[in-house]
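Good morning, and thank you for making time for this item. I would ask you to bring up the sequence and the model on your screens before I begin.

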Amino acid sequence: MPEIDWNIENTRILCGLMAEQVEKGNRPNTFLNSVGYAEVEKGFKDRTGIVLTKNQIKNKWDKLKEDFKAWRKLTTMQTGIGWNNGTINMDDEWWKKARADIPGCGKFRKQPLQNEDELAICFQGIVNIGSDHWNPCGNTSTMAVDDVVPVDDEVAALGGTQEEELDEVTPSPSSGKRPARPFHGTCKKPKTANAVLIQEACTSMASSASAYAAKREGKFTIEEVMKAVVECGAEYGSDEHYIATSLFVKREQREMFMTLPTNDVKKSWLTRKYNDRHAK
């Protein structure tokens with residue numbers, strides 16, 4: 001098959017077609033299923049006259065996923081970022097660090113990610129953007145779930161050790177019996193204390209992980225907000241429900257929607273959002 005010219009228009013059409021199939025439930029895991037691929041192939045040919053193969057679609061899907069991941073990592077690092085006409089306006093040193101930490105992000109220095117709304121639908125739930133370990137906007141690091149302190153370190157910090165031995169006296173050969181264990185002025189903690197220390201360490205780690213996850217997710221989850229979308233009258237397949245699937249991958253949009261006082265106001269807000277985006 002000849003190579004596809006993935007210009008701006010062809011890419012825009014493909015992204016729209018793939019997002020439609022995801023919304024129809026034709027992405028059961030991390031890729032489209034056979035029905036989804038067939039529909040994208042047909043739709044692309046109808047609109048452009050170009051015949052695509054499944055492999056060409058999959059290869060482009062993979063490439064767009066990496067672009068989406070890199071862009072989202074950049075745009076989640078909000079503190080200190082300068083914006084200029086939709087692009088990140090930072091100095092050479094900042095970009096040097098960003099490119100080292102986020103492969104493939106250099107292309108966004110001159111222009112933002114195209115078709116972001118459609119790509120958010122395609123990769124919702126399968127792209128982990130993360131914002132851990134290093135932030136080129138400053139010298140601070142954000143602790144991720146994988147960065148919790150190991151149990152050994154937590155136990156040591158609480159004053160215990162993994163192995164605390166008790167003194168014991170070797171039994172006398174003549175009697176064959178073990179004499180009473182002597183009492184020392186400074187007693188060591190019995191081994192059962194380790195279980196308490198480890199439990200406290202695990203509880204501390206679980207609390208840290210939960211707090212981090214809550215901070216990343218925001219006050220409202222996607223599942224909660226999409227339930228509220230249906231309850232306000234935006235039925236599946238409606239324009240309002242469609243725009244919600246695009247908007248509410250972003251935490252700020254979810255929280256804004258949930259602050260609206262009534263179902264009528266919520267639905268009206270979604271209608272205006274749809275009309276604003278798709279106005280001719």
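I shall go from the overall layout to the cores, then to one helix pair, the cysteines and a few individual residues.

Please keep in mind throughout that this is a predicted model. The protein contains 11 helices and two strands. Along the sequence the elements follow the pattern α-α-α-β-β-α-α-α-α-α-α-α-α. Of its 280 residues, 34% count as buried. As for contacts between residues at least 6 apart in sequence, 64% of them join residues at least 24 apart.

Let me turn to the nonpolar cores. The largest one has 36 residues, and those with the most contacts inside it are Met18, Leu74, Trp95, Cys105 and Phe123. Two or more residues of this core come from each of helix 1 (8–23), helix 2 (34–48), helix 3 (54–76), helix 4 (92–101) and helix 5 (116–123). There is also a second, separate core, which has 16 residues, Phe220, Ala228, Ala244 and Leu270 among them. To return to Cys105 in the largest core, which residues is Cys105 in contact with, leaving aside its neighbours within four places in sequence? They are Ala70, Leu74, Trp95, Ala98 and Arg99.

Next, the pair formed by helix 1 and helix 5. Two packed helices are described by the angle between their axes and the distance between the axes. Here the axes come within 8 Å and cross at roughly 35°, and the crossing of helix 1 past helix 5 is left-handed. On the helix 1 side, the residues involved are Cys15, Gly16, Met18, Ala19, Val22 and Glu23. They meet Glu118, Leu119, Ile121 and Cys122 on the helix 5 side. By residue type, this contact divides into seven nonpolar, one polar and two charged.

That interface brings me to the cysteines. How many disulfides does the model contain? The count comes to zero. Cys122 illustrates the point: its closest cysteine sulfur is that of Cys15, and the two sulfurs are 6.4 Å apart, which is too far for a bond because a disulfide requires sulfur atoms within 2.5 Å. Cys122 is buried, at 0% relative accessibility. Cys232 also counts as buried, with a value of 6%.

Helix 1 holds another residue that I should like to show, Thr11. Thr11 is buried, with a relative accessible area of 10%. Not counting residues up to four places away in sequence, Thr11 touches Trp6, Lys60, Leu64 and Asn115.

Asn115 itself deserves a closer look. Asn115 lies in the loop between helix 4 and helix 5. Is Asn115 buried or exposed? Asn115 is buried, because its relative accessible area of 17% falls under the 20% cut-off. Its backbone may also interest this audience. Most residues other than glycine have a negative phi. In Asn115, however, phi is near 60°, a positive value in a residue other than glycine.

I now move to helix 9 (239–247). Why is helix 9 described as largely enclosed by the rest of the structure? The reason is that seven of its nine residues are buried. These are Glu240, His241, Ile243, Ala244, Thr245, Ser246 and Leu247. The buried residues of helix 9 pack against helix 1, helix 5, helix 8, helix 10 (251–259) and helix 11 (263–278). Ala244 has appeared already, as a member of the second core.

Tyr242 is also in helix 9, but Tyr242 counts as partly exposed, at 27% relative accessibility. Leaving aside neighbours within four places in sequence, Tyr242 is in contact with Glu23, Tyr274 and His278. The C-alpha atoms of Tyr242 and Leu270 are separated by 9.4 Å, with these positions 28 residues apart along the chain.

My last residue is Gly237, in the loop between helix 8 (222–231) and helix 9. Gly237 counts as exposed, because its relative accessibility of 76% is over the 50% cut-off. Gly237 and Glu23 are 214 residues apart along the chain, and their C-alpha atoms are separated by 9.0 Å. Glu23 has thus come up three times: in the contact of helix 1 with helix 5, in the contacts of Tyr242, and in this pairing with Gly237.

Thank you for your attention; I am glad to take questions.

Methods:
Residues are numbered from 1 along each chain as its sequence is written. This is a predicted model: local features need pLDDT of at least 70, side-chain atom pairs count only at pLDDT 80 or more; totals for chains, interfaces and linings use all residues. Side-chain values use heavy atoms; hydrogens and water are left out. A nonpolar core is a set of buried Ala, Val, Leu, Ile, Met, Phe, Trp, Tyr and Cys residues joined through side-chain atoms within 4.5 Å. Buried means under 20% relative accessible area, exposed over 50%, partly exposed in between (1.4 Å probe, protein chains only). Helices (H or I, at least four residues) and strands (E, at least two) are DSSP runs, numbered from the N terminus. Contact means heavy atoms within 4.5 Å. Axes are lines fitted to C-alpha atoms, for helices over the stretch in contact, and angles run from 0 to 180 degrees between N-to-C directions. A crossing is left-handed if the near helix is turned anticlockwise from the far one by less than a right angle, and right-handed if clockwise. Ala, Val, Leu, Ile, Met, Phe, Trp, Tyr, Cys and Pro count as nonpolar, Asp, Glu, Lys and Arg as charged, and the others, Gly among them, as polar.
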